[in-house]
Amino acid sequence: MALLETVIRLKNTHMPISSIKQYIDWVVEGDKTTELRLEMMKNHKQAVLAEISLMTEALKGIDIKIERYIKRIQERKEEH
């Protein structure tokens with residue numbers, strides 16, 4: 001179950017299926033691949049953090065649009 005949860009977590013954080021498969025293969029191989037798995041997780045963490053940063057910036061732009069539209073609607077209501 002723990003492996004399945006990990007696979008779902010990796011998929012939900014947009015890890016490519018080919019990388020998830022590689023990770024599973026390394027898990028099956030055992031302790032000799034621990035360093036490889038650690039490096040993969042470190043790299044994936046950096047990719048996730050970069051995506052979060054990108055999404056945070058995009059969300060700011062969306063919030064600006066929402067505020068602008070709310071203001072326009074309020075101004076139109078005040079005119080009538």
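This report describes the packing of helix 2 against helix 3 and the surroundings of Tyr23 and His44 in a predicted model.

Two packed helices are described by the angle between their axes and the distance between those axes. Helix 2 and helix 3, the latter spanning residues 34-79, pack at an angle of about 150°, and their axes lie 10 Å apart. Angles over 145 degrees count as roughly antiparallel, and helix 2 and helix 3 are therefore roughly antiparallel to each other. The crossing of helix 2 past helix 3 is left-handed. Helix 2 contributes Ser19, Gln22, Tyr23, Trp26 and Val27 to the contact, while helix 3 contributes Leu36, Arg37, Met40 and Met41. By class, the contact comprises six nonpolar, two polar and one charged residues.

Two buried residues, one from each helix, are set out below.

| Residue | Location | Relative accessible area |
|---|---|---|
| Tyr23 | helix 2 (residues 17-29) | 12%, buried |
| His44 | helix 3 | 12%, buried |

Beyond its neighbours within four places in sequence, Tyr23 is in contact with Arg37, Met40 and Met41, and also with Leu3, Thr6 and Leu10. Arg37, Met40 and Met41 belong to the helix 3 side of the contact with helix 2. The C-alpha atoms of Tyr23 and Thr33 are separated by 9.3 Å, the two residues being 10 apart along the chain.

For His44, with neighbours within four places in sequence again set aside, the contacts are Leu10, Thr13, His14 and Met15. With one of these, Thr13, the side chain of His44 makes a polar contact, side chain to side chain, at 2.6 Å. Leu10 is in contact with Tyr23 and with His44.

Technical notes
Residues numbered from 1 in each chain as written. Predicted model: local features only at pLDDT ≥ 70, side-chain atom pairs only at ≥ 80, totals over all residues. Heavy atoms only, no water. Helix = DSSP H or I, 4+ residues; strand = E, 2+ residues; numbered from the N terminus. Buried < 20%, exposed > 50% of the residue type's maximum accessible area, 1.4 Å probe, protein only. Contact = heavy atoms within 4.5 Å. Axes fitted to C-alpha atoms, helices over the stretch in contact; angles between N-to-C directions. Parallel < 35°, antiparallel > 145°, perpendicular 65-115°, else oblique. Left-handed = near helix turned anticlockwise from the far one by under 90°. Nonpolar A, V, L, I, M, F, W, Y, C, P; charged D, E, K, R; others polar. Polar contact = N/O pair within 3.5 Å; in protein donor to acceptor, adjacent residues only side chain to side chain.
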